[in-house]
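Please work through the exercises below with the structure in view, and try each task before you read its solution.

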Amino acid sequence: MKVSVVGTGYVGLVTGACLAEAGNDVVCMDVDADKIAALERGEVPIYEPGLEGLVAENVAAGRLRFTTDMADCVDHGLFQFIAVGTPPDEDGSADLRYVLDVARAIGQRMGEYRVVIDKSTVPVGTADKVRSAVAEELAGRGVDLEFDVVSNPEFLKEGAAVDDFMKPDRIILGCDNVRTGALLRELYAPFNRNHERVLTMDVRSAEMTKYASNAMLATKISFMNEVANLCERVGADVEMVRQGMGSDPRIGFAFIYPGAGYGGSCFPKDVAALERTAREHDYTARILQAVEAVNFDQKRVLERKIVARYGEDLSGKTFALWGLAFKPNTDDMREAPARALMEALWARGAVVRAYDPEAMDECRRIYGERDDLTLVEERYEALAGADALVLVTEWKPFRSPDFDHIAATLRDPVVFDGRNIYDPAILAPHGLTHVGIGRAPDE
Ligand code: UGA
């Protein structure tokens, strides 16, 4: 089937590459000519496991190509995926400018029936706006062409996006008619194997499913962070509590890991946007507000623990920081807890020596050259001259380091463990003090 994807961010690129891999004829379009030129050279601008190989193979097989030409894009695909960004507005609502620009461009150029698919995360009601935008352009041209608009939200996790697309838990199709339902089912048939994964519903329910899912996951995390903060105060160990809770299948073990707060491009933006949608409908979403407030505080939990040990003024102190990305297996630092921490440490006069397996270039891009930040090329280099080690992102290579070396190198042999990846009982014999989340410090 012929597919066009507008937007070559991580959602668009993964969608395009995976649909090409399934045998479709795919064109990916972006207004960013540098990005398209890089993609044509086989360079994938984001770190996403498996993606580069998938893009290269499908380009070589002639199933995937790139363009900056919107007319080419609209001409090509029966399916027109909109996968452009929806950055948050100042008030937290999603900015639909780019989505509606694409809708208008499709309306301006389409010459036959098209299925327009909202893949970007867009507020409830957006599909109606997309439909109006296309219809207005068609009316302006004085042509009478049929088209449909579908909401098909993505559920891709950064770092596992290719796998999530290839083996989805569910494929949500928000369609207003049987025709589009059947077309989309055919497109997704290669991914709908072994058991039924397609859920067809009305457009608004599909749009809502996406926000409600992310908000629920964010709620689980903020809830657990609150439990962790309580554990510290009552002298309980959240790691025990977490396991005790998770063994109830109604609660489950997933997404109840306490830590330094959630980050990324999705949860913070989507919780804020849903909260804003609620307000627009004269409803106060109190749980969502609390989820955001708890997360705001939690991103400062490591700072508070550091201040508790070394005092408010951290000038003259150096902190080794392991992990800059908002989570492992990505180079993405959007809303990353490491940013909140570094900025807080700098404001208190401290110096940071940081290492991340993938996000170093991104960190350089965000912060540039500064005297109070040294980016090192290897994890142990971060320890040189440092007072303490702070673990912010739980990358695998950080899990079993040489604890003796850490203890011998740090001025004060303390590990602030923002993801509870270390067992205090294992660190203690190496002479390391462990300060975790939701557990009493071991001294
Ligand atoms: C999230 C959802 O998990 C995807 O299902 C969704 O498709 C995606 O947003 C999206 O809307 O596009 P992602 O932002 O890539 O995916 O990252 P997650 O793996 O969900 O992690 C989000 C944050 O929560 C990270 O900062 C992570 O460290 C934190 N987290 C996660 C915790 O603090 N505790 C946990 O138990 C789990």
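Domain bounds, as used here, come from an automatic or database domain assignment. The model itself is predicted.

**Exercise 1.** State which domains the assignment gives for the protein chain, and describe how domain 1 and domain 2 are placed and joined.

*Solution.* Begin with the bounds, which are 2-201 for domain 1, 211-296 for domain 2 and 299-435 for domain 3. Next, take the centres of domain 1 and domain 2 over C-alpha atoms, and you will find them separated by 30 Å. Then turn to the contact, in which 10 residues of domain 1 meet nine residues of domain 2. Finally, sort the side of domain 1 that touches domain 2 by class, which gives five nonpolar, three polar and two charged residues.

**Exercise 2.** Decide how helix H1 and helix H3 are oriented where they pack.

*Solution.* First, note that H1 (residues 10-21) and H3 (residues 51-60) pack at an angle of about 50 degrees, while their axes lie 9 Å apart. Because of this angle, H1 counts as oblique to H3. The crossing of the two helices is left-handed. In the contact, H1 supplies Leu13, Val14, Ala17, Ala20 and Glu21, and H3 supplies Leu51, Leu54, Val55 and Asn58. By class, these residues are seven nonpolar, one polar and one charged.

**Exercise 3.** Describe the shell of residues around the ligand.

*Solution.* Start with the 20 residues around the ligand, of which Glu158, Tyr257, Tyr262, Gly264 and Cys266 come nearest. Sorting the shell by class gives 11 nonpolar, five polar and four charged residues. As for where they come from, helix H9 (residues 203-234) gives the largest share, three residues, and domain 1 and domain 2 each contribute at least three residues.

Definitions and conventions: Residues numbered from 1 in each chain as written. Predicted model: local features only at pLDDT ≥ 70, side-chain atom pairs only at ≥ 80, totals over all residues. Axes fitted to C-alpha atoms, helices over the stretch in contact; angles between N-to-C directions. Helix = DSSP H or I, 4+ residues; strand = E, 2+ residues; numbered from the N terminus. Parallel < 35°, antiparallel > 145°, perpendicular 65-115°, else oblique. Left-handed = near helix turned anticlockwise from the far one by under 90°. Contact = placed C-beta atoms within 7 Å. Nonpolar A, V, L, I, M, F, W, Y, C, P; charged D, E, K, R; others polar. Near = placed C-beta within 6 Å.
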